[in-house]
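Trainee: I haven't looked at this one before. Could we go through it together, piece by piece?

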Amino acid sequence: MSLKNRCLLPMLLLLAACHHSDGFLQIMKNHGSISTQIYYQRQLDASTINNEDDTSQTTDIGSTNKLPFNPWPHQVVECHGDYREEAYLENIIGGQLYDNQKSLPNLPVPTLKQTIERFIPSALPLCESDDERQSLIEACDKFEEQAKDLQIRLLQRKEESEKDSSSWLQKWWNQIGYLQVRDPVAVHVSYFLSIDDDPTLPTAEDMQKDEFCGATKPDVLRGASAIFAAARVRRRVCSGQLACDKAGKKPLCSTGYKYLFNAIRIPRQESDIVKIYDPSTVKHCIVASRGYFFAVDFVDDQANPLPLESLIKRLLKCQEMAKEQESLGVPKVGWLSGCHRKIWAEARDKLTKYKSFDEAIKVLESGAFVLCLDENIPTTMSDASEFFWNGKGTLGCNRFFDKSVNIVVNGLGQAALVGEHSMMDGSIPMVIINQIQKDKYARLLKASHRLPSHDIDDEGVSEIFSECWNDQELTRLTKELGELSRQQYQNLTDSVELKTILHEDYGKQYIKKGKVSPDAFLQLVFQLAAYRCFGKQIATYEATQTRQFMHGRTETARTVSVDSKAFVEAMGPNYMADRDDILAKKEKLKLLRQAAAYHHNYTLDACGGMGVDRHFLGLSLVRKDGEQPPDLFKDPVFERSKTWRLSTSGLPTTPGFGPVVEDGLGVGYGLHSNSCLFHISARKENKYVDKFCDELVLALKEMKGLLEADDDGITAQ
């Protein structure tokens, strides 16, 4: 394997579509060729993905008096999950963001032989008897013959899609995988990404002494800074001036960026749609406070962010108006976006029959993004994470989960980004997080003074639904529907839990010194922790991306393998670090490196569009009604191998998300130079979280001891 390929992989391990409750999407996973080569890979910070960060300018495309956005033919575009339908917008937007689109390669379809050879090593460790093993092998032996007609149809679909410069998978994936899923977006589909704290924010004590535009808590200062940063990103994205993402020198597909700003998912009975609004017609974002939504003008006529002081004053006005609304008992519309999609669709249809509500909801839909001012004071890291993820029930009304981006800020000034997953994966909104982390409060306050002169005021703020409450019948109906949604949402959030662990003993630099891929190392940490929790290996999903292909999104890297099985069984069901001698540790280290090398190769295959799970999905979807499926598709081990009891995804901006099956775990992780951050979730009734976290910490400690046993590695150094 070349060094070039090893360096590409970290950029491709980005947050993907790894957290659904939709059982259909459990046909996803991959493999690579067996390799015993020992290596380590260079890990890259997320900021290297987006290479147009603009550290010097306070405006992003020079100081121009011209609006940088080209107007669209229509103010709003309705999307149904087929990227081809909105592709024309890329020509209208223009710019370097979309320059490479037409030169991107097409997503391949592996041969049946390639897929079955990659599949077998991931499934064999999951066999629970000799009979199951024999049955699986027999089904795999028959697969090429039984699936040959399906393969022909899938290749025909690929050929047809390439005529339209698209992917054979994307429409299926967007529609079946997301828009047709009827579970609530919250918990089941939405994810959150951690944002680093801003050390330049004044302390609460300092804010009592000095004047900060009237603010007395850091949440408003952090919120205004986040709006400022997001406005800068929006200017570059919506004008196409953002540089195209690349993995090494390979450009990545930019299609998802069209759905980042001014976009919203709309509930429908059978299949949702997505609307995106022409950014040249919109100057407002949405601010949520105490469950009420406000339209806030945040940019000038050239789409430059307003001065920080103006944004602070406008956020303070939102909080003041929200308190007044709450005292009057005004309905909280936000509860509706967190409930079952059919229920939300029915409620929306009833409410939009009223002209005032129909007009108001369009203002919310068209906003650039949502800033959620929660005002809560979390007591622990896990407490903060759960609030970011789902509001812990009580603050669910202070989100609008259908919007592509909700930036959430708590009372301490801590922040996270909540993403809606339908038309884009988590690598896209990372560009906002990178800018927020760069545009710290103190820097922006100074830079804001260099912007074109504006009056510092709190104008440009309006309560979106205020006109609705003049209608008593509409008010009653909204309260009634909102209360039903609140109960359903709180039942949902009460059924799950999430815990955050900050591991500061070591990070990716230490792992690299041990000659192991840091990502593969953590995947094997998860395998060991799960093995000790459940007494066996369980099907494991690691999200990888295929954006190097036209309209590519994600593929599965299957962590379970013959090599990972050998490693975890050698480690044993109990913590052994204090009892192993040096020879035992060296033998286990050898198995660790073999399993890590295999997983690395497997992941490269997945990123190259040669994974097994999207291929299996495509073959299943071209099968005709009444047509007998291949024996493999009916095999219990095949089904077990795609039931993701352990769903994982890693980014430097650590993701948090829910389990994808009822008896599963969701594990988001962030690898940093000298630390690791984890968000672990599961249903409360299973009582998995604390047990898995305990085993995770022990596995991290024990596997560090293996690295120290290397004569040529860490100990010698």
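Trainee: Let me begin with one residue: is Leu 104 buried or exposed?
Mentor: Bear in mind that this is a predicted model, where local features need pLDDT of at least 70, side-chain atom pairs count only at pLDDT 80 or more, and totals for chains, interfaces and linings use all residues. Residues are numbered from 1 along each chain as its sequence is written, and side-chain values use heavy atoms, with hydrogens and water left out. Buried means under 20% relative accessible area, exposed over 50%, and partly exposed in between (1.4 Å probe, protein chains only). Leu 104 comes out at 8% relative accessibility, so Leu 104 counts as buried.

Trainee: And which residues does Leu 104 touch, leaving out those up to four places away in sequence?
Mentor: Leu 104 sits in the loop between helix H2 (88-93) and H3; helices (H or I, at least four residues) and strands (E, at least two) are DSSP runs numbered from the N terminus. Its C-alpha is 9.1 Å from that of Lys 250, although 146 residues separate the two in sequence. Count a contact when heavy atoms are within 4.5 Å, and the partners of Leu 104 are Pro 251, Leu 252, Cys 253, Gln 548, Phe 549 and Met 550.

Trainee: What percentage of the chain's contacts between residues at least 6 apart in sequence join residues at least 24 apart?
Mentor: Here's some background: the protein chain has 23 helices and 19 strands, and 65% of its 717 residues count as buried. For contacts between residues at least 6 apart, the share joining residues at least 24 apart is 81%.

Trainee: Now the helices: how are H9 and H10 oriented to each other?
Mentor: Two packed helices are described by the angle between their axes and the distance between the axes. For H9 (residues 218-239) and H10 (residues 308-327), the axes come within 9 Å and cross at roughly 125°; axes are lines fitted to C-alpha atoms, for helices over the stretch in contact, with angles from 0 to 180 degrees between N-to-C directions. Under 35 degrees counts as roughly parallel, over 145 as roughly antiparallel, 65 to 115 as roughly perpendicular, and the rest as oblique. H9 and H10 are therefore oblique.

Trainee: How many nonpolar, polar and charged residues are in the contact of H9 with H10?
Mentor: On the H9 side, Val 220, Leu 221 and Phe 228 are among the residues that meet H10, whose own set includes Leu 311, Leu 315 and Gln 319. Ala, Val, Leu, Ile, Met, Phe, Trp, Tyr, Cys and Pro count as nonpolar, Asp, Glu, Lys and Arg as charged, and the others, Gly among them, as polar. By class, the contact of H9 with H10 has 10 nonpolar, 3 polar and 1 charged.

Trainee: Which residues of H21 does H3 meet?
Mentor: The axes of H3 (residues 112-123) and H21 (residues 613-621) come within 10 Å and cross at roughly 125°. That makes H3 oblique to H21. From H3, Leu 112, Thr 115 and Phe 119 reach across to His 615, Phe 616 and Leu 619.

Trainee: Which are the edge strands of the sheet of 8 strands?
Mentor: The sheet is open and mixed in its pairing, with the order S12-S8-S7-S9-S10-S11-S2-S17; two strands pair if DSSP finds at least two bridges between them. An edge strand pairs on one side only, and here the edges are S12 (461-463) and S17 (655-656).

Trainee: What is the bridge partner of Ala 295 in S12?
Mentor: S8 (residues 292-297) and S12 pair in the antiparallel sense over 3 bridges. In S12, the partner of Ala 295 is Ser 462.

Trainee: Along S1, which side chains point to one face and are buried?
Mentor: S1 (residues 76-79) pairs with S6 (residues 273-277) in the antiparallel sense over 4 bridges, and Val 77 stands opposite Ile 276. The side chains alternate: Val 76 and Glu 78 point to the other face and are not buried, unlike Val 77 and Cys 79.

Trainee: What is the phi of Ala 303?
Mentor: Most residues other than glycine have a negative phi, and most peptide bonds are trans. Ala 303 lies in the loop between S8 and H10 and is buried, with a relative accessible area of 3%. Its phi is positive, near 70°.
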